[in-house]
Amino acid sequence: MTDWLSRHVPKIVLAPTFVAVLLFVYGFIAWTAWVSLTRSKLMPRYEIDGLIQYERLFASPRWDTALTNLFIFGALFIGISMILGLMLAIFLDQKIRIEGALRTIYLYPMALSMIVTGTAWKWILNPGLGIQAMVQGWGFENFTFDWLINPEMALYAIVMAAVWQASGFVMALFLAGLRSVDGEIIKAAQVDGIPTWRVYTAIIIPSMAPIFLSAFIVLAHLAIKSFDLVIALTGGGPGYATDLPATYMYAMAFSRGDLGQAASSAMIMMLVVFTIVVPYLYSELRAKND
Amino acid sequence: MTDATLTQTGREPRSAGALIGRRLLRWGLYALLCLFALYYLLPLFVMLTTSLKSLEEIRTGSLVALPREVTFDAWGKAWSGACTGIQCEGLRPFFWNSVMMAVPGVLLSTLIGALNGYIFAQWRFRGANLFFAFLLFGCFIPFQVVLLPMARMLGIFGLAGTIPGLIFVHTIYGLGFTTLFFRNYYVTIPHELVRAAKIDGAGFFRIFWSIFLPLSLPIAVVTIIWQFTQIWNDFLFGVSFSSAGSQPITVALNNIVNSTTGVKEYNVDMAAAIIAGLPTLFVYIVAGKYFIRGLTAGSVKG
């Protein structure tokens with residue numbers, strides 16, 4: 001008996017986590033998937049009724065806006081953060097004397113809650129007293145910078161705040177990558193008289209492909225989950241102009257009392273994450289086991 | 001990574017013109033880097049100066065101007081008088097809610113993560129890899145997909161709208177990352193160590209306690225910082241699963257900023273935002289190295 005016990009201790013210790021993951025991750029996903037196939041409104045119902053919720057979802061203009069916004073926001077947020085992060089990393093890699101201090105400054109927004117970031121940017125961007133008023137006060141009276149209240153531009157205000165928050169982190173990732181490139185190869189290239197920019201574009205950056213992938217995955221993941229920032233900055237408004245799937249789902253679940261819509265929109269979010277993350281995780285884990 | 005044109009020591013510069021050009025480039029580089037530093041610092045600067053101004057000065061002055069008269073009234077109000085809806089007790093009660101939620105949440109998820117990581121790294125069994133993959137995938141799910149059933153379950157167990165409920169949720173969904181951190185750290189400890197300890201008659205817990213735990217300080221710091229930042233900054237779980245009395249600080253901050261009653265007090269909003277951000281900012285400043293290590297470990301998986 002004690003022998004059996006001592007042989008199985010690891011499994012017994014791991015069991016609670018196993019049960020928790022099975023229940024609270026996979027069981028709950030299954031529950032949400034099930035409810036997304038029913039006509040649940042305020043209370044969940046369990047009679048399966050086909051894809052009616054998904055049909056409603058894709059017929060809804062609000063969801064259409066939310067999904068389009070996600071792709072625009074995601075592309076801009078990921079693109080700009082990557083370019084800015086890479087640029088800052090390369091600049092910082094030139095034997096800069098105050099590198100430590102600059103790194104600390106570039107990265108601190110990542111420690112803040114998105115709600116704090118949203119609150120700060122909401123104040124800075126508010127047309128009445130923020131940047132617009134400031135520049136007008138300098139004498140440029142026709143200057144307008146009303147992204148926050150302009151339905152056409154509000155999404156870009158969110159991109160701006162999100163880039164501010166995450167680009168320093170991308171910089172840190174790339175800087176670590178730059179430092180891990182084999183110094184001998186670079187020295188050899190320099191001895192051959194190859195100019196610095198060519199060393200970067202032809203040798204260093206191509207060898208950092210895995211880091212580009214990591215950065216992309218993390219940023220994509222942040223974009224899909226973006227909820228706090230939108231709530232704090234625009235609340236999804238003006239109108240539904242800055243709705244994202246995450247805010248749509250929340251509105252359906254907690255203020256509209258439409259569980260079927262909440263569940264089906266959550267499943268679509270899950271699907272988007274799935275298509276991005278699963279190939280990545282698969283390749284990572286396989287590379288490890290080889 | 002060395003910049004050939006800027007730091008060559010072996011050769012003489014080709015001409016005085018090239019030397020000046022290089023020096024100009026160098027100055028340009030520093031100027032650009034400092035400009036970006038300003039961009040990242042500007043919001044913090046504006047928050048701080050706004051929080052120290054009176055409302056009158058905010059209305060008449062410029063966004064980036066220093067306060068003519070420094071006043072801490074807004075800070076006092078943000079801490080103990082601002083309205084988060086119908087009650088006007090400031091952030092103070094919610095700050096303590098967040099502390100009472102974060103401390104047990106961080107400790108529980110870190111401790112369980114350490115044990116799990118120890119098993120995955122050193123006590124392989126059949127199916128362990130598969131389970132680890134499933135656990136890892138759990139880190140990536142958008143939490144919206146578990147929001148509805150979790151709300152119902154917390155309701156059934158009487159945990160809805162309570163701090164223990166939030167502790168539970170944060171512990172469960174933190175386990176993926178904490179396990180990953182410890183597993184990746186313990187994997188570097190040679191298996192021979194465990195084998196030798198077993199031959200000497202040490203058991204599962206004894207080996208963990210006297211060999212692995214004493215080696216764990218660096219990864220424990222990384223994990224604790226990661227979890228603390230995650231839980232303190234969380235908004236989605238906080239807003240979904242709390243009630244008026246148990247809201248974490250992020251939810252209270254959002255309520256203060258978006259409460260529509262009365263005059264908009266920007267200085268109070270900014271002071272409240274800084275208060276809500278201070279604990280994680282403090283952690284970042286005193287333990288930045290570990291913070292960055294957690295971030296990069298969390299993103300470079302496997």
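## Exercises on a two-chain predicted model

In this predicted model, the contact between the chains draws 77 residues from chain B and 87 residues from chain A.

**Exercise 1.** Describe the side of chain B that touches chain A by element and by residue class.

*Solution.* Start with the elements. Helix 2 (residues 16–51) of chain B provides the largest share of this side, 11 residues. Next, sort the residues of the side by class: 53 are nonpolar, 21 are polar and three are charged.

**Exercise 2.** Characterise the largest nonpolar core and find which helix gives the most to it.

*Solution.* The core holds 175 residues. Within the core, the residues with the most contacts are A:Ile158, B:Leu91, B:Leu253 and B:Ala272. Turning to the elements, helix 7 (residues 154–179) of chain A contributes the most, 18 residues. On the chain B side, domain 1 (14–71) and domain 2 (92–299) each supply at least three residues to this core.

Then take one of the residues named above. Setting aside neighbours within four places in sequence, the contacts of B:Ala272 are B:Ala78, B:Ala82, B:Leu91, B:Leu253 and B:Ile256. Two of the residues in this list, B:Leu91 and B:Leu253, are also among those with the most contacts inside the core.

**Exercise 3.** Work out how domain 1 and domain 2 of chain B are placed and how they touch.

*Solution.* First set the bounds: the domain assignment of chain B gives 14–71 for domain 1 and 92–299 for domain 2. The centres of the two domains, taken over C-alpha atoms, are separated by 35 Å. Across the boundary, seven residues of domain 1 of chain B contact seven residues of domain 2 of chain B.

On the domain 1 side, helix 2 and helix 3 (55–60) of chain B each provide at least two residues. The largest share, four residues, belongs to helix 2 of chain B. By class, the domain 1 side has four nonpolar, two polar and one charged residues.

**Exercise 4.** Set the UniProt annotations against the computed secondary structure of the spans.

*Solution.* For chain A, an unreviewed UniProt entry places "domain: ABC transmembrane type-1" at residues 67–280. Over residues 67–280 of chain A, the model has 72% helix and 0% strand, with end C-alpha atoms 23 Å apart.

For chain B, the unreviewed UniProt entry lists several spans as "transmembrane region", including residues 24–42 and 156–182. Residues 24–42 of chain B are 100% helix and 0% strand, and their end C-alpha atoms lie 26 Å apart. Residues 156–182 of chain B are 78% helix and 0% strand, with 33 Å between the end C-alpha atoms.

Terms used
Residues numbered from 1 in each chain as written. Chains lettered and ligands numbered in written order. Predicted model: local features only at pLDDT ≥ 70, side-chain atom pairs only at ≥ 80, totals over all residues. Nonpolar A, V, L, I, M, F, W, Y, C, P; charged D, E, K, R; others polar. Core = buried A, V, L, I, M, F, W, Y, C linked by C-beta atoms within 7 Å. Buried ≥ 20, exposed ≤ 12 C-beta atoms within 10 Å, placed from the backbone. Domains from an automatic or database assignment. UniProt positions renumbered as here; feature names shortened; annotations may be inferred.
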